[in-house]
Amino acid sequence: MAVPASELLEKIRQQFDSAPYPRVSLDSNPQDFPNLLYIHNLVTAYYLRNQKVIDTKGKVILDAGCGSGWKSLLLAEANPGAKIIGIDLSEESVKLARQRLEFHGFDNAEFHILGIDDLLKYDWEFDYINCDELLYLFNDIGKALQVMKMVLKPEGIIRSNLHSSIQRFNYFRAQKVFKMMGLMDGNPEDLEMGIVVEIMNALKDKVNLKALTWNSNYEGEDGKQRILMNYLFQGDKGYTITDMFNGFRTANLEFISMVNWKEWNLTNLFKEPDNLPAFIGISLPESSIEEQLQLFELMHPVHRLLDFWCGHPNQGQSFVPVQEWSDADWEKVKVHLHPQLKTSDVREELIACIREIRPFVISEHLPIIEESVSIDSSMAFCLVSLLDEAQSMLSLVERWKQIRPLDPVTLEATDEEQAFYLLQQMFLRLESLGYVMLEA
Ligand SMILES: C[S@@+](CC[C@H](N)C(=O)[O-])C[C@H]1O[C@@H](n2cnc3c(N)ncnc32)[C@H](O)[C@@H]1O
């Protein structure tokens with residue numbers, strides 16, 4: 001029999017009151033996690049949707065289900081000048097979140113003990129809503145999204161995620177086992193966590209559930225939160241891509257993008273993405289984003305989270321994709337470096353690479369993709385000026401000609417067209433990876 005919604009909510013509240021999530025120490029520095037800052041930066045999502053760069057100053061951001069405030073801190077750090085409002089059912093979590101933001105010197109943040117359903121009691125309106133690791137706890141995700149939509153500004157963006165029922169299948173089996181044993185009847189604490197460890201350790205290593213879910217990371221004090229969040233997680237549920245899109249349909253929201261969009265590329269699952277089997281090559285361009293993501297999920301369910309951005313329908317600005325731009329479009333373009341790359345470390349390393357004539361490995365500073373991405377030192381020279389402000393293509397071409405006045409082979413004066421083409425190729429690549437933004 002299904003647990004009544006109010007009883008389940010109370011169980012969830014108790015779980016996070018006794019073990020606020022995540023257990024990240026108060027002094028953990030967000031600057032050490034550039035890829036998390038990148039995801040939490042409103043600029044990233046806004047550009048994907050509108051091909052425009054937004055100023056985060058004065059924006060109002062909701063961290064819905066803020067837990068111990070680690071993500072609220074990332075939001076505050078990644079979005080200079082924005083106000084952060086965090087809400088959570090659990091009083092203990094809210095206390096920690098408040099303490100965390102104070103500790104790091106952010107005074108433009110407030111936290112409240114509230115549930116998502118309480119949001120409508122206030123006249124708040126948000127530019128961005130972060131609802132991380134929470135939506136999957138709701139019985140009706142469409143309804144929860146609907147509530148968030150009601151407090152979202154017309155141009156606003158929601159980031160949320162669901163647990164994948166396919167990727168996480170074995171943990172759901174494990175949760176069922178421990179539910180049957182009664183370990184989740186009340187609030188699972190040290191006693192229940194100890195029983196999980198004892199049972200899993202006592203099973204033969206080749207027992208399927210153990211082989212597929214258990215490892216030494218679950219042992220000791222550090223393993224406790226992992227046990228709670230995987231084996232004894234009250235209200236945890238799994239969803240598919242279809243469920244996710246059904247949620248958008250119920251709430252009348254528009255899908256914008258997966259958060260880790262580069263890792264959901266169907267063609268990358270093939271040995272030769274440029275030489276796909278004919279059937280796939282022909283049908284893929286005809287299929288919807290939903291179908292493509294669904295195929296990816298069925299073929300390669302490696303992502304624990306179906307992590308997405310969405311917004312009000314028809315509020316995105318229409319634009320021509322960069323790959324389809326004409327030369328005239330390129331001449332008008334303004335090139336921006338992603339704000340998460342505008343750091344003193346990047347500046348120092350860029351200058352060292354230019355002086356020592358060695359490649360600048362941009363992916364080391366912002367590891368948002370698995371492979372290494374580097375830029376040759378003369379191109380790096382152009383990036384330095386982007387640290388201070390956006391530049392036109394024409395001024396970047398001029399800059400490049402300063403460092404490469406002569407063609408290194410013919411020793412003739414650098415050809416303007418050739419310079420333009422080389423920079424265009426570099427920016428096309430960096431844009432597709434999410435390192436630069438190109439505003440027409
Ligand atoms: C897994 S934690 C995620 C915390 C944080 N968002 C993060 O990703 O680090 C889920 C949080 O959502 C809170 N929560 C659960 N149901 C909620 C609801 N209906 N309204 C507000 N908060 C809720 C819990 O108390 C808990 O702190």
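# The ligand and two pockets

A backbone N or O atom of Leu-89 lies 3.4 Å from a nitrogen atom of the ligand. The model that shows this contact is a predicted one. Two further residues make contacts of this kind. For Gly-65, a backbone N or O atom is 2.6 Å from a nitrogen atom of the ligand. For Ile-116, the distance from a polar backbone atom to a nitrogen atom of the ligand is 3.0 Å. The ligand on its own has 590 Å² of accessible area, and the protein covers 99% of that area.

The surroundings of the ligand can now be taken as a group. There are 20 residues around the ligand, and those that come nearest are Gly-65, Lys-71, Asp-88, Ile-116 and Asp-132. Sorted by class, this shell contains twelve nonpolar, four polar and four charged residues. Helix H1, which spans residues 5–18, supplies three residues, the largest share of the shell.

From helix H1 the reader can move on to the loop between H1 and H2, where Pro-22 lies. The peptide bond that runs from Tyr-21 to Pro-22 is cis, and its omega is near -10°.

Helix H2 (34–40) leads to the second largest pocket, since it is one of the elements that give two or more residues to the lining there. This pocket has a volume of about 1,100 Å³. Its lining consists of 40 residues, and Leu-36, Lys-71, Glu-133, Arg-304 and Leu-305 are the closest to the centre. Besides H2, the elements that contribute two or more residues are helix H4 (70–78), strand S5 (152–164), helix H10 (220–230) and strand S8 (305–311). The lining divides into 18 nonpolar, nine polar and 13 charged residues.

Two residues from that list deserve another look. Lys-71 is among the residues that come nearest to the ligand, and Lys-71 is also among the closest to the centre of the second largest pocket. Glu-133 sits in the loop between strand S4 (126–131) and helix H6 (141–150). The phi angle of Glu-133 is near 60°, which is a positive value in a residue other than glycine.

The largest pocket comes last. Its volume is about 1,500 Å³. The lining is made up of 48 residues, with Leu-48, Trp-261, Lys-262, Asn-265 and Ser-432 nearest the centre. Two or more residues come from each of helix H3 (42–50), strand S7 (254–258), helix H13 (289–299), helix H19 (416–433) and strand S13 (436–439). In terms of domains, at least three lining residues are drawn from domain 1 (5–166 + 238–260 + 303–311), and at least three from domain 3 (322–439). By class, the lining of the largest pocket has 25 nonpolar, 17 polar and six charged residues.

Note on methods: Residues numbered from 1 in each chain as written. Predicted model: local features only at pLDDT ≥ 70, side-chain atom pairs only at ≥ 80, totals over all residues. Heavy atoms only, no water. 1 Å grid on protein atoms, 1.4 Å probe; cavity = no way out; pocket = protein on both sides within 12 Å on 5 of 7 lines; lining within 4 Å. Points joined across faces, edges and corners; volume = space filled by probe spheres on them. Helix = DSSP H or I, 4+ residues; strand = E, 2+ residues; numbered from the N terminus. Nonpolar A, V, L, I, M, F, W, Y, C, P; charged D, E, K, R; others polar. Domains from an automatic or database assignment. Near = heavy atom within 4 Å. Polar contact = N/O pair within 3.5 Å; in protein donor to acceptor, adjacent residues only side chain to side chain. Areas by Shrake-Rupley, 256 points an atom, 1.4 Å probe, with all protein chains shown as cover.
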